[in-house]
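Biologist: I should like to learn how to read a structural model feature by feature. May we work through one together?

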Amino acid sequence: MAWEPGQPGRRLGSVSAGVALVLIAALALLSALVPPTAGGAERVGATPNATQTRLQAEAQRDPLAVELEARLADDVRPVLTKYCYDCHGNGQKKGGVKLDGPGDIESIMHMADDWLTVAEVINAGLMPPDDQPQPSAHEVQTIQQWVEEAADYYPADAEPDPGWYTIHRLNRSEYRNTLRDLLGIDPSVHDLAEHLPADDSGYGFDNIADVLSMSPLQLESYLDAAERAVDLALRQGSPDGVRLDKLERTNIGMELDGGGHGIWTNGSVRGERDFAEAGVYELVFTLQGDFADGVGPRVALTVDGETIKELDVTADRGDDPQAVTLEAELSRGKHKIGVRFLNDAIIKGKDRNLYVLSISIAGPIKEDTPVYEEVFFVQPTADDKGNRLPGAPDGSKRLTESQAARQVVERFASRAFRRPADKAEVAALTRLYRDARGAGDDYETAVRLALTATLVSPNFLYRAITNPKANDPEAIYELSDYELASRLSYFLWSSMPDNRLLELAAKKRLRDKRELKAQVRRMLMDPKADALVENFAGQWLLLRKLDGVAMDPQRYPEFDDGLREAMRAEAELFFADVLREDRSVLMFLDSEKTYLNQQLAEHYGVKGVEGEQFRAVTLPKDSPRGGVLTMAATLTVTSEATRTSPVKRGDYVLAQLLGTPPPPPPPDVPPLEQATEQLGEDATLREQLAAHVANPNCAVCHKRLDPIGLALENFTATGAWRDTERGRPIDAAAELPGGVRFDGPVELKQIMLDRRDLFVQNLSRKMLTYATGRGTEPFDRPTIQKIAQSVRDNNDRMQSLIEAVVLSDAFLKARGRETK
């Protein structure tokens, strides 16, 4: 069966859908970067030759089609010639299968089923026959990967296909941000997502619907978080006080009955408590003293050794104890609360002493918050029998408890569900209220139960659409205004829609393209768009991996937590600047500007930057830095703990920046150090890599990875500049397939800028993946092409990329997905 437009190809085994969009393997990996040239090596900037002219003409064709044709000729046919053509080529057509036919994309598509069969039987070891030479694992992998991508080929000029919409659980970042905007819970103070299970990732991001599953353990965690969220947001007053046990003293004295302490000379009595949440706490100290010359003990009340208040103890040992109460704002975590004796003395035979009978804590103190007033926006004036409630204002309209509860629950559920709650949903929640009232709970406690249930409802924890033909791949569904509001807000803010978006949705105005573009611009200027920096850039640029980096302290003593955070801050501030100032996305490849503080500037050797504060810095004209590739964050996460890694750095360029990752290495490849032991300790990394790729199975990918990484060898594993390695000058010259030579990071960045279309397409693909929460499929190629072209037509501006994604059919629409 031949391939037809709109029909995705078959897939092999468990290979993920959409692999064709991101896997450009084997021989032509870097042909997208630099075209091969005839007549020997070519320096960057040389005059185009006849081969380049031919390739420029070919560029008018679909680049992926050209790529598949080239890989068939250069990678796949040599393997088939070696093992298969005796029976299926060179005039032989055993079983009706002929594999040496034309290699153009139309013929490849026509033979899609035959190619799939070839890969399946070779992978299963059914062919070649047992008495014939057998292909290596790497050769089998080469065929399988090419066939997978060829079978999934989708022309870039086909009609856009919006793809499907998978029900989408809120990930941890989205959950904590949604609670912040719904209930006013600051995640930096109370991170209610902290104890939720970690989210899985797919296609490079942790917001992919297909991998965001829900287990019974997770559901229990969400229930715990929901109960705490309602309590934090709506609790009034203070809990009962808790007495600190195990008080200790720092000087001579005695322990008293009841756990208190007497202290006979200047020193402290204190106790420690682990505070589960930050807030204002009430501290109560119960004190007595022995007086000398008519003067009692002078004390300082302390938190973590810092004086909060000084006072005189007025209660003698024989009097009723003196209770001193004060308020203190405490952060989450352990704190020591104490009393310090300041004026010990013996006067005329009288010894002044201090007795600390107890230290108690109550809190955190909560008053009615704006969130409380917003949630309980109406209060009942009568019970359900019509009897007026005590304290109800005179002349107020009668509103029974059940009526008030329904109004509160309906309004809260509509905000939590990001769309008007329907009658059945409100009825189910208010039924919980009635059950709680029947069990003896008071009005507010019963309402809170319904609110807690709202926060564990699938309508809160998941984002979904109401596509009436969800199983019909031919039916196109346009997202409703409310569904679009949620998709937009979780894309740009990783959180729920604000009131403005919901108002536009209620008026059915959000689907208007001019309004939609205006909202994108507004939302990007909002501080909540920091989530796009943290979550998109953090995963695209691998900044999150910084947390797990552990460099060898003997080799890299400069790498501490301060430098780690400075690396992250530079990259995030740079991305945020490109985003909010609507700069060219090509600045990610090279830029004259970055953000530095003193520590990072000194690490880079940039003068004139002082203090911890980050600021925009124009790099020196002769600086090799500029763009994300030469940032310390990138260079560090692509290194080993003890050395640089040209392989990882080359892979970063191909996979993260250009979207052309190499295939996985063949099985049983030894580590670099083990494979090159015979070279001795003085061998440079370049020499070790050269020995490593002597294995032809390794060379096919390394000759495309290593040149990129070697061009960055002047940067240490922590991103500092160096001129030597093991006492020898760094050689950062490299040669790409096709004979193009270059030297160092500046010329590497120029090569990438010369192939900017590939970068813009990859960034468009990454942004579409993140925005829709699903991996891109072959049928997304026309959409990605259209987005990338819109970016190029608008001077490569970052916000034009965001707008093009939001205005795409893949964002605004969905089609059904056939279930098996």
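Modeller: We shall take a helix, a nonpolar core, a buried acidic residue and the cavities in turn. This is a predicted model, in which local features need pLDDT of at least 70, side-chain atom pairs count only at pLDDT 80 or more, and totals for chains, interfaces and linings use all residues. Residues are numbered from 1 along each chain as its sequence is written, and side-chain values use heavy atoms, with hydrogens and water left out.

Biologist: What span should helix α8 have, and what do its end C-alpha atoms show?

Modeller: Helices are DSSP runs of H or I with at least four residues, numbered from the N terminus. The expected span is 1.5 Å times one less than the number of residues. The twelve residues of α8 (residues 172–183) should therefore span 16 Å, and the end C-alpha atoms are 16 Å apart, in agreement. At the start of α8, a side-chain oxygen of Asn171 comes to within 3.2 Å of the backbone nitrogen of Ser173. Just after the helix, Gly184 has a positive phi of about 70°.

Biologist: Which residues touch the most other members of the largest nonpolar core?

Modeller: In soluble globular proteins, nonpolar side chains tend to be buried together. A nonpolar core here is a set of buried (under 20% relative accessible area, 1.4 Å probe, protein chains only) Ala, Val, Leu, Ile, Met, Phe, Trp, Tyr and Cys residues joined through side-chain atoms within 4.5 Å. The largest has 95 residues, and Phe491, Leu492, Trp540, Phe588, Phe759 and Ile802 touch the most other members. Helix α19 (residues 561–580) gives the most to this core, with nine residues.

Biologist: Is Asp577, in helix α19, buried or exposed?

Modeller: Asp577 is buried, because its relative accessible area is 8%. As for polar contacts (pairs of N or O atoms within 3.5 Å; within protein, one must be able to donate a hydrogen and the other to accept it, and residues adjacent in sequence count only if both atoms are side-chain atoms), the Asp577 side chain makes one of 2.5 Å with the side chain of Arg583. Another, of 3.4 Å, joins the side chains of Asp577 and Lys593.

Biologist: How many cavities of 30 Å³ or more does a search of the whole structure find?

Modeller: Rolling a probe the size of a water molecule over the atoms shows where empty space is left. A cavity is a set of points, on a 1 Å grid over the protein atoms alone, where a 1.4 Å probe fits but cannot get out. The search finds six of 30 Å³ or more. Residues lining the largest cavity (an atom within 4 Å of a point) include Trp164, His168, Arg463 and Arg774.

Technical notes. Helix = DSSP H or I, 4+ residues; strand = E, 2+ residues; numbered from the N terminus. Buried < 20%, exposed > 50% of the residue type's maximum accessible area, 1.4 Å probe, protein only. 1 Å grid on protein atoms, 1.4 Å probe; cavity = no way out; pocket = protein on both sides within 12 Å on 5 of 7 lines; lining within 4 Å. Points joined across faces, edges and corners; volume = space filled by probe spheres on them.
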